[in-house]
Amino acid sequence: MQRRGCKTGPVALAILALLTSPAHAANRAIVMGGSCENDKDRAENMFFSELADTTHALNSHGWEVATLYGGKDSQCGPAHPGIECPKGKDPKQWADDSFAKRAGIEPASLQLNTKASIFKQLETEITRAQEAKDKGGADPYQVLIGINTHGSPPGNGFTHGICVEDNHIMPISELRPLLVRLKAAGATIGLIDTSCYSGGTVKT
């Protein structure tokens with residue numbers, strides 16, 4: 001597993017989306033990622049600001065965003081000497097609240113970045129896209145997927161994997177069947193993977 005994250009700027013994907021989006025399109029986005037190790041000594045979530053800023057940028061321009069965030073890493077408490085959590089808040093809750101405030105969303109709307117939650121969100125978009133297609137609407141249905149987490153090099157029978165909760169590496173190829181169905185349902189799809197070794201995504 002690749003432990004050192006490739007810290008990039010996924011806000012660029014939000015800018016790209018805003019510049020290329022038709023005015024009357026049905027715009028959906030799935031923003032996923034975050035640190036996902038179980039290491040007790042991690043000081044911070046290295047993807048915290050990028051994921052929150054991307055969510056905020058898309059939301060503020062009318063996109064409907066589902067944020068799947070690996071938020072186990074705290075911003076206070078034992079991992080941060082001298083930074084006490086607010087009274088009544090545990091480190092995990094403080095991390096969620098801080099992220100949500102920066103992203104401009106409600107903490108309750110955050111989902112954990114798990115394989116199950118990723119698949120569930122894509123199934124939701126497939127259903128929505130098919131409903132829009134069946135209604136015969138003229139406006140395009142667009143889904144932007146942004147991935148920013150740790151990635152793994154080729155190996156174990158797959159070209160590239162992304163880190164989800166509980167330190168699990170999910171081969172990016174597992175998204176292909178769902179994306180094929182999403183396209184068949186009439187959606188226009190954009191996928192930007194800024195995790196390490198994401199060049200393997202192209203080969204998948």
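Here are three short exercises on a predicted model, each with a worked solution.

**Exercise 1.** Check whether the length of helix α2 (residues 48–60) agrees or disagrees with 1.5 Å a residue.

*Solution.* Start with the count: α2 has 13 residues. The span counts one residue fewer than the helix holds, so at 1.5 Å a residue you'd expect 18 Å. Now look at the end C-alpha atoms: they sit 18 Å apart, so the two agree. While you're there, note the buried residues of α2: F48, E50, L51, A52, T54, T55, A57 and L58. Just after the helix, G62 has a positive phi of about 90°.

**Exercise 2.** Work out how helices α4 (residues 115–135) and α5 (residues 176–184) pack.

*Solution.* Two packed helices are described by the angle and the distance between their axes. For α4 and α5, that's about 15° and 8 Å. Angles under 35 degrees count as roughly parallel, so α4 is roughly parallel to α5. The crossing is left-handed. Next, list who touches whom: from α4 come F119, L122, E123, E125, I126, A129 and K133, and they meet L178, L179, R181, L182 and A184 of α5. Sort those contact residues and you get 8 nonpolar, no polar and 4 charged.

**Exercise 3.** Decide whether V143 is buried or exposed, and find its contacts.

*Solution.* First place the residue: V143 lies in strand β3 (residues 141–148). Its relative accessible area is 2%; buried means under 20%, so V143 is buried. Then skip neighbours within four places in sequence, and V143 contacts R28, E125, L182, A187, T188, I189 and G190. Of these, E125 belongs to the α4 side and L182 to the α5 side of the helix contact above.

Note on methods
Residues are numbered from 1 along each chain as its sequence is written. This is a predicted model: local features need pLDDT of at least 70, side-chain atom pairs count only at pLDDT 80 or more; totals for chains, interfaces and linings use all residues. Side-chain values use heavy atoms; hydrogens and water are left out. Helices (H or I, at least four residues) and strands (E, at least two) are DSSP runs, numbered from the N terminus. Buried means under 20% relative accessible area, exposed over 50%, partly exposed in between (1.4 Å probe, protein chains only). Axes are lines fitted to C-alpha atoms, for helices over the stretch in contact, and angles run from 0 to 180 degrees between N-to-C directions. Angles under 35 degrees count as roughly parallel, over 145 as roughly antiparallel, 65 to 115 as roughly perpendicular and the rest as oblique. A crossing is left-handed if the near helix is turned anticlockwise from the far one by less than a right angle, and right-handed if clockwise. Contact means heavy atoms within 4.5 Å. Ala, Val, Leu, Ile, Met, Phe, Trp, Tyr, Cys and Pro count as nonpolar, Asp, Glu, Lys and Arg as charged, and the others, Gly among them, as polar.
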